[in-house]
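Here is a briefing on the open and enclosed spaces of one protein chain, and on two of its residues. Please look at the structure first.

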Amino acid sequence: MRNLKGYIFDLDGTVYLGKQLIEGADTVVNSLFNEGKKVLFLTNKTIESRQRYVEKLRGFKINASLENILNPTLTLIEYLREHHPNATLYVIGEQPIKDELALAGFREGLAPAEIDVVVLSWDRDFHYDHLNFAYQSVKLGAKMIATNPDRTCPMEVGDVPDCAGMIGAVEAVAGKTIDVQIGKPSILTIETALEILQLKPDECVMIGDRLETDIRMGIEAGMKTALVLSGITTEEDLRVSPWKPDYVLPSVSGLLSIK
């Protein structure tokens, strides 16, 4: 473990729960920074900007910068630029993802007939009008791209519905599955992460609390994997899961004790 060069951390359930730092996470991450390790924080959430994540981590006394943050919006922008460079979008999502897409030069349409791509991301104000607009757009030929597949997001008070709720609603009425999934465990995300780190998969470890996203992605990429039990996953989940991590820790605070 200590010979690895790159450490990729999930955030929610791994480094913090909502507004509460997981004990020892700041010590672990700052120790890695001080040792000259490459650190990347990899989240599936789109309800905050990358800059806001930097501010949140610094509020926890973790010395993060913008280059240490990867969210699905950044990967989505790169994917759209390559595959749909002039696309007009309809975005189911909160203001941060809309703002970042607009800054990248993408326009949102005003009518379903204008839409080339429907973007599905976590939206805590999701309602029928969103569903109908997306459905009408897809019916007219728009592609469906989701930012992440997470069913729930861990919080201090327990988990809450995440992007899978929006995906499930649109897929159900459209009668088809999404065309592309951007976030963990997608190969698109791991390719972006490795490009940022400038490392090979076997030089990295993926640390996270979700078997079906964090651990699955790390295993499929050829990385070491460390599961923390401070978020979504329970010991029973691990027992029946097809994805078996290299290491299992009560929390990220035990990471540096692994030889």
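A cavity is a set of grid points where a 1.4 Å probe fits but cannot get out, and its lining residues have an atom within 4 Å of a point. By that definition, this predicted model holds one cavity of 30 Å³ or more. The briefing takes the cavity first, then two pockets, a helix and two loop residues.

**The cavity**

- The largest cavity has a volume of about 100 Å³.
- Its lining is made up of 15 residues. Nearest the centre lie Asp-10, Asp-12, Asn-44, Asp-150 and Arg-210.
- Two elements, β10 (152-153) and α8 (211-221), each give two or more residues to this lining.
- By class, nine of the lining residues are charged, four are polar and two are nonpolar.

**Asp-209**

- Asp-209 sits in the loop that runs between β13 (204-208) and α8.
- Is Asp-209 buried or exposed? Its relative accessibility is 1%, so Asp-209 counts as buried; the cut-off is under 20%.
- Asp-209 and Asp-12 are 197 residues apart along the chain, yet their C-alpha atoms are separated by 8.2 Å.
- Leaving out residues up to four places away in sequence, Asp-209 touches Asp-10, Asp-12, Gly-13 and Thr-14, among others. Its contacts also include Pro-154, Asp-214, Leu-227 and Val-228. Gly-231, Ile-232 and Thr-233 are touched as well.
- Asp-10 and Asp-12 thus appear twice: among the residues nearest the centre of the largest cavity, and among the contacts of Asp-209.

**The largest pocket**

- The largest pocket has a volume of about 240 Å³.
- It is lined by 13 residues, of which Gly-18, Lys-19, Lys-45, Glu-48 and Lys-56 are the closest to its centre.
- Helix α2 provides the largest share of the lining, three residues.
- Seven lining residues are charged, five are nonpolar and one is polar.

**The second largest pocket**

- This pocket holds about 200 Å³ of space.
- Which elements give two or more residues to its lining? They are α3 and α7 (187-197).
- The most comes from α3, with six residues.
- The lining includes Leu-74, Thr-75, Glu-78, Tyr-79, Glu-82 and His-83. Leu-188, Glu-191, Thr-192, Glu-195 and Ile-196 also belong to it.
- By class, the lining has four nonpolar, three polar and four charged residues.

**Helix α3**

- Helix α3 covers residues 72-83, 12 residues in total.
- At 1.5 Å a residue, α3 should span 16 Å. Its end C-alpha atoms are 16 Å apart, which agrees.
- Buried residues in α3 are Pro-72, Thr-73, Thr-75, Leu-76, Ile-77, Tyr-79 and Leu-80.
- Thr-75 and Tyr-79 are buried, and both also line the second largest pocket.
- An α-helix has 3.6 residues a turn, so residues three or four places apart point the same way.

**Asn-68**

- Asn-68 lies in the loop between α2 (50-59) and β5 (69-70).
- At 9% relative accessibility, Asn-68 is under the 20% cut-off, so it counts as buried.
- A polar atom of the Asn-68 side chain lies 3.0 Å from the backbone oxygen of Val-39.
- Val-39 is also one of the residues that Asn-68 touches, not counting those up to four places away in sequence. The others are Phe-33, Leu-40, Phe-41 and Asn-63.

Key:
Residues are numbered from 1 along each chain as its sequence is written. This is a predicted model: local features need pLDDT of at least 70, side-chain atom pairs count only at pLDDT 80 or more; totals for chains, interfaces and linings use all residues. Side-chain values use heavy atoms; hydrogens and water are left out. Helices (H or I, at least four residues) and strands (E, at least two) are DSSP runs, numbered from the N terminus. Buried means under 20% relative accessible area, exposed over 50%, partly exposed in between (1.4 Å probe, protein chains only). A polar contact is a pair of N or O atoms within 3.5 Å; within protein, one must be able to donate a hydrogen and the other to accept it, and residues adjacent in sequence count only if both atoms are side-chain atoms. Contact means heavy atoms within 4.5 Å. The expected span of a helix is 1.5 Å times one less than its number of residues. On a 1 Å grid over the protein atoms alone, a cavity is a set of points where a 1.4 Å probe fits but cannot get out, and a pocket is an open set with protein on both sides within 12 Å along at least five of seven lines; lining residues have an atom within 4 Å of a point. Grid points are joined across faces, edges and corners, and a volume is the space filled by probe spheres set on the points. Ala, Val, Leu, Ile, Met, Phe, Trp, Tyr, Cys and Pro count as nonpolar, Asp, Glu, Lys and Arg as charged, and the others, Gly among them, as polar.
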